[in-house]
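Q: Please take one part of this model and examine it closely, strand by strand. Then set that part beside the other sheets, cores and ring pairs, for someone who has not met the structure before.

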Amino acid sequence: MSDANRVDLAIVGAGPAGMAAAIAARRHGLKVAVFDEQPAPGGQIYRDVETAEAGRSAILGADYVAGRTLAEAFRESGASYYPRATVWRLASDGLSWSAPAGGDEIAAERILVAGGAMERPFPAKGWTLPGVMTAGAAQILLKSEGVVADDAVFIGCGPLLALVACQYLKAGVRIRAILDTTPPQNRMAALRHLPKALAAPGMLSKGIGMLARIAASPVAVYRRVESVELVGDGRLAAVRWRDPQGFHEIEAERAFLHQGIIPNLNMTMAAGCRHVWDERQLAFRPETDEFGHTNLAWLMSAGDGAGIAGAKAAALSGEIAGHTVAHDLERLDGASFEAATVPLLKARRRELALRPFLDALYRPAQSMRVPEDDDVVVCRCEEVRRGEIARAVAEGCPGPNQLKSFTRAGMGPCQGRLCGHTVVETIAALSGAAPEAVGYYRSRMPLKPVTVGEIAGLSFENNLREKSHG
């Protein structure tokens with residue numbers, strides 16, 4: 001492979017972690033390439049931040065606008081940037097990608113996966129109906145297109161649900177109702193983490209401010225919500241639920257679901273690095289040290305893809321990883337490496353101080369994560385329902401990989417990305433095994449759909465390159 005197709009560091013993802021890692025690595029003269037599926041840098045949190053006009057920026061808030069500085073620094077860093085690039089293979093020798101203008105492959109000394117997070121599935125009855133989407137998807141429409149869905153019902157728990165509700169209120173959009181599914185016992189569990197959380201008073205005050213804004217609005221808020229059901233014939237028509245006051249139903253054409261975010265695992269799982277079950281965050285994550293190393297020498301992970309921590313902590317972890325790669329490749333001596341990373345590690349620990357409190361306060365109820373109705377769709381790609389999983393477990397199916405043979409769950413285009421954690425927790429609940437014992441899907445290359453012609457084309461082009469440089 002020619003020098004043009006070799007880099008010191010290949011980064012997958014141009015969110016806070018990926019951008020910060022590229023900037024740091026470039027400071028030490030590393031050759032860096034960044035691949036991202038979006039048309040512009042920013043990731044989900046800073047989506048379209050470079051071009052958002054003043055009105056939309058005011059709605060989305062100062063934390064969103066702060067990403068513009070990071071995106072500008074990334075653009076100026078000198079890293080090679082590949083937007084609209086879908087990475088479908090990565091290994092110790094490099095990675096391969098697809099893009100509208102044509103894909104290619106590149107060799108890399110180190111690969112950093114900074115793929116960020118995804119919303120935790122909310123497998124309620126009717127959640128696949130048209131008109132139902134995640135709160136994150138609703139926010140993406142607002143960030144990228146300035147589009148809002150009027151008169152929606154917000155359902156679930158977690159900081160993002162409150163944030164999107166506040167952004168809708170700022171935009172003057174009517175919200176039909178907010179159904180808060182936060183279990184009441186979470187408050188007591190979170191209290192023991194409050195002293196440590198006070199180390200991040202700014203973040204606490206922002207959260208309190210959002211809740212106060214919602215409370216002061218005319219929006220009806222229902223708390224201690226259970227047994228959510230989305231009803232409709234062909235599309236959403238109503239939402240039903242139960243709370244301490246009894247059973248309720250309201251007409252609705254749109255509903256936004258959310259119950260927290262979890263690491264986006266498919267890439268690190270396919271790479272074969274070790275993963276651990278994080279009971280505090282109810283999710284698997286890659287096992288990393290504080291510098292971003294996995295157990296594979298060539299692979300690193302940073303940002304929310306390595307454990308949910310928030311945008312600022314993600315950027316810090318990316319910056320740490322960028323310096324670490326420079327040190328690992330002997331472009332940065334030990335003393336300089338320590339001088340660069342010690343303050344960043346301390347700052348990241350401060351950012352993480354609030355996480356145990358938030359994780360305990362917004363821990364979603366098991367009934368919201370693990371469906372109890374056999375008709376609930378778990379795997380959307382293959383339309384596998386809870387009842388089919390229950391029958392497979394009763395027949396002796398021990399885990400998600402064996403479940404593929406029983407039901408095809410996890411074998412659709414997303415390769416289990418959307419149903420993985422629901423399948424794991426459902427099998428655990430039905431069998432009595434711990435999630436870590438149940439395990440997760442074994443992801444394989446290609447990570448994303450790619451044509452045989454494109455794979456063959458890469459092999460042909462690389463053979464030609466090797467011969468021309470031979």
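A: The antiparallel sheet and its surroundings

Six bridges join strand 13 and strand 14, which pair in the antiparallel sense. Strands here are DSSP runs of E with at least two residues, helices are runs of H or I with at least four, and both are numbered from the N terminus; two strands pair if DSSP finds at least two bridges between them. This is a predicted model, in which local features need pLDDT of at least 70 and side-chain atom pairs count only at pLDDT 80 or more, while totals for chains, interfaces and linings use all residues. Residues are numbered from 1 along each chain as its sequence is written, and side-chain values use heavy atoms, with hydrogens and water left out.

Within the pairing of strand 13 and strand 14, D243 faces G246, which belongs to strand 14. The open sheet to which these strands belong has three strands in the order 12-13-14, with antiparallel pairing. Strand 12 and strand 14 (246-251) form its edges; each has a single partner strand, so one side of each is left without a neighbour in the sheet. From one strand to the next the twist averages 15°, where axes are lines fitted to C-alpha atoms, for helices over the stretch in contact, and angles run from 0 to 180 degrees between N-to-C directions. In general, strands of a sheet pair through backbone hydrogen bonds, either parallel or antiparallel.

Strand 12 (residues 226-231) pairs with strand 13 (residues 238-243) in the antiparallel sense over four bridges. There E226 stands opposite R242 of strand 13. Six residues lie between the strands of this hairpin, and G234 takes a positive phi near 95° in it.

The loop between strand 12 and strand 13 also holds R235. Because its relative accessible area is 38%, R235 is partly exposed; buried means under 20%, exposed over 50%, and partly exposed in between, with a 1.4 Å probe and protein chains only. Leaving aside neighbours within four places in sequence, R235 is in contact (heavy atoms within 4.5 Å) with L129, P130, G131 and E253. With E253, a polar atom of the R235 side chain lies 3.1 Å from the backbone oxygen. As a reference across the chain, the C-alpha atoms of R235 and A309 are separated by 35 Å, although the two residues are 74 apart in sequence.

A second open sheet has five strands in the order 8-15-9-10-11, with parallel pairing. Its edge strands are strand 8 (132-134) and strand 11 (220-222), each of which pairs on one side only. The average twist from one strand to the next is 20°. Three bridges join strand 8 to strand 15 (residues 255-259) in the parallel sense, and T134 has L257 of strand 15 as its bridge partner. Across strand 9 (152-157), strand 10 (175-180) and strand 15 lies helix 6 (residues 159-170), which runs at about 155° to strand 9.

The nonpolar cores come next; each is a set of buried Ala, Val, Leu, Ile, Met, Phe, Trp, Tyr and Cys residues joined through side-chain atoms within 4.5 Å. The largest has 37 residues, of which I11, V32, V34, F74 and L112 touch the most other members. Strand 1 (6-12), helix 1 (16-27), strand 2 (32-35), helix 2 (54-60), helix 4 (67-75) and helix 11 (311-328) each supply at least two of its residues. Helix 1 gives the most, with seven residues. Apart from this core lies another, of 23 residues, including V228, I250, L257 and M368. L257 is thus named both in this core and as the partner of T134.

The rings remain to be described. The structure holds twelve aromatic pairs, where rings of Phe, Tyr and Trp (its six-membered ring) pair if their centres lie within 6.5 Å, and planes under 30 degrees apart count as stacked, over 60 as edge-to-face and the rest as tilted. One of them joins Y440 and Y441: the ring centres are 5.9 Å apart and the planes stand at 75°, so the pair is edge-to-face. Y440 counts as buried at 8% relative accessibility, and Y441 is buried as well, with a relative accessible area of 2%. Ring pairs link these two tyrosines with W277 and F284 into a cluster.

How values were computed: Polar contact = N/O pair within 3.5 Å; in protein donor to acceptor, adjacent residues only side chain to side chain.
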